[in-house]
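Student: I've just opened this one and don't know my way around yet. Could you walk me through it?

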Amino acid sequence: MADFIMPSLGADMKEGLLVAWRVKPGDQVKHGDIIAEIETQKGLFEIEVFSTGVVGPLLVNPGPDKVPVGTVMTTISAGDELPSPARTSSEKRINISPAARRLADENHISIYDLKGSGPDGVIGLADVERVLTLAPPVAAPEVVKQTTDFKTGMRDAIAAAMSLSNREIPHYYLASDIDMSCALDWLEERNRQRSIRERLLPVVLPLKAVALALKKVPQLNAHWVDGKIQLKKDVHIGFAISLRGGGLLTPALHNVDQLSLDQLMAALSDLITRTRAGKLRGSEMTDAGITVTSLGDLGVRTVFGVIYPPQVGLVGLGRIAEQPWVEQGAVSARPVLTATLAADHRASDGHLGAQFLDAFTRILQEPAKL
Amino acid sequence: MKAMDIRKIIETGLASIAPEADFDELSPTENIREELDIDSFDFLNFLIGLNEKLGIDIPEADYEKLVSMNDLVNYLDERTG
Amino acid sequence: MAEQTRTITYRDAVKEGLREALQKDERVFLMGEDVGRYGGCFAVSGGLLDEFGPDRIRDTPLSESTFTGAGIGAALGGMRPIVEIMTVNFSLLALDQIMNNAATYLHMSGGLFNVPLVIRMATGGGKQLAAQHSHSLEGWYAHIPGIKVLSPATLEDARGMLWTALADPDPVLIFEPAVLYPMAGELAADAGAVEIDQAKILREGRDLTLISYGSCLHKCLEAAMSLAEEGIATEVIDLRTLRPLDETCFLNSVAKTHRALIVDEGWRSGSLAAEISARIMEQAFYQLDAPVERICSAEVPMPYARHMEEAALPQVMTIVETVRRMVHG
């Protein structure tokens, strides 16, 4: 029997709102099935289950109260095991008086953040009032509060994650100028033969190159958890996607090392479309081992990135622009990409980072092998 | 096909990417991608849309010619005949 | 302008009410055990026989069922009888008349026959009268549709509820806490009839609502005074009418204080206190910051020995301690 818990969809996530169950007790589910929809500060996500079996009793009802990360929401019993009928979530239940609960709801205070001062730690009105007098008054959202204001929620989430990153991660930065003439010539030739629908965007080349470089330097495909590095087996790469109207999500492209460039282009296209449509899956928010951010479209030359915890590295791609390039004593104009690596000095040293950028550069010189 | 119709198709395609765009405010010589904050992925989708509507294949080498509204209208006008 | 008042006992306030009724309406008469020559077993009707004569102040045999039934008949016949039953324990002998006749006639006659009867009786403990004279069964009567149940706790209500009850076209039962008869206090010189539809807030407070009636009301007021010295402001509600309950009053109060303690001399199980608690839970659940609590009499036949009777009844100290715990945890 496996517990299905409120997942953490990022270092900044403490709780989520269960919007809907996609299953009912007794349903057969398998690894990867979507069983719930969860709303976080960043938006709505489809949540997959990672065990196979039969769905047990649903222990959490959809909204309006937020559910802390780690709360058991249902169980998945393997094989012939029957779902346990009598499991209760009493140990997770918050003792709070009805009046306090209502006051907290009206003021959008999470009851899970409250400390009870009543008998047996029960949360009373006074405990909510104390928080209210400390907190600046929050304007009630218009209409209903069914959906969060993602714009401010997203800002808050980014603020939390990036503060954590800058506070805790000792970043080091490396940059390399990369001659992209081979890669772009190859890409141009390839795209020329294809209809517009089949053409590749230049960014898929460095994306694939990151994946292959990670095979050589696997220490950068990792999470830093509880003071230890956890290497990732699969090469899932987070890709920074900006949202129109503000905000940013870094969902993962899965198994990039195993995708052909066409498959990668299709996966990227699908990911960007779903990100902007608010149709991401929970796992896509958590399983990246590194993130790539590309700001070249806007003419940026060099990106100095902030690592998305608990990852240990971030690759920044600037624009590809013609620059004077000196080779064998001669100067010529070449398309040059400035690629950077921001890495966690707890998990790796500059030498390793340099090895990664070196591998990345050399891979891009042989585009046909991508 | 008239230039006005082409312009309409362009605007429709751009509006699906940048719904907040005000085309009356957009100068015909301004850089569309910069003004409307359209990244390369959006731009590719926009061109795919034009390709489907007008049946014109735009080679990658021509992408850099398509900067302003005027560029787009002229380029497409020449090729729709 | 200072209101003219005089000092009066609860007993004499009731007698004033009786006298006023007998004077104002000649259809009114009083009957019951020892109400005439003896002056009432709690000395409420002393002197009224001389004043109004034996036709209107009638001694009855020791048969509650008989004279209550006679009262119902008289009421149906156009009189305005006041039946006095010595204590609530003895009223059980008349329960058949009260419940099967007085309370049902209007309904069973299709609205043709009102029974404008008033029944007064003493209720409650605290006078060492032991288990056959000391219970508080008004909560039982408050269960019965078709009658009104009043319990005057203050001099104003002792003086003024009777006339309003007589004016009611249907049976009204008035429960006078025996322990209150000697209670003396100030009453307005022109005190008269009072309404009988609403509960009353006797003391305002923000921290907790004490809901009570009858003799326990005074224990609540005393507890409230003592709690005020510790900075706990209790609101004290006198229910006054036990059926129909003025729930608006206590629901509004709970919406203000978010805590409620009901003090009821009846036994806890199936008590009026249980009914009030249920209504608060049903209608003011989201106003509650703590569980509703009750202080009731110990579930034993009322003991005779003074210290045991005191232990069985709700007491001021218990109220104070319970409120303190409910407010401060």
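Student: In what order do the 5 strands of the open sheet in chain A run?

Tutor: Strands here are DSSP runs marked E of at least two residues, helices are H or I runs of at least four, and both are numbered from the N terminus. Two strands pair if DSSP finds at least two bridges between them. In this open sheet of chain A the pairing is mixed, and the order is 7-2-4-5-16.

Student: Which are the edge strands?

Tutor: Look for strands that pair on one side only. In chain A those are strand 7 (67–68) and strand 16 (280–281).

Student: Which residue stands opposite Glu15(A)?

Tutor: Strand 2 (residues 15–21) of chain A is joined to strand 7 of chain A by 2 bridges, and the two run antiparallel. Across from Glu15(A), in strand 7 of chain A, you'll find Pro68(A).

Student: Where is confidence lowest and highest among the helices named for chain A?

Tutor: This is a predicted model, in which local features need pLDDT of at least 70, side-chain atom pairs count only at pLDDT 80 or more, and totals for chains, interfaces and linings use all residues. Residues are numbered from 1 along each chain as its sequence is written, while chains are lettered from A and ligands numbered from 1 in the order in which they are written. pLDDT is the predictor's confidence in each residue, from 0 to 100. The low is helix 2 (residues 125–134) of chain A, at a mean of 82, and the high, at 95, is helix 7 (residues 350–364) of chain A.

Student: How many contacts beyond four places in sequence does the model have for residues 137–147 of chain A?

Tutor: Two residues are in contact if their C-beta atoms, placed from the backbone, lie within 7 Å. Where pLDDT is low, predicted coordinates should not be read in detail. Over residues 137–147 of chain A pLDDT stays under 50, and the contacts there number 7.

Student: And which element gives the largest share of the side of chain A that touches chain C?

Tutor: Here 10 residues of chain A are in contact with 8 residues of chain C. Of the chain A side, 4 residues come from one element, the largest share: helix 1 (residues 98–106) of chain A.

Student: At what angle do helix 10 and helix 11 of chain C pack?

Tutor: Axes are lines fitted to C-alpha atoms, for helices over the stretch in contact, and angles run from 0 to 180 degrees between N-to-C directions. Helix 10 (residues 247–257) and helix 11 (residues 272–284) of chain C have their axes 10 Å apart, and the angle is about 60°.
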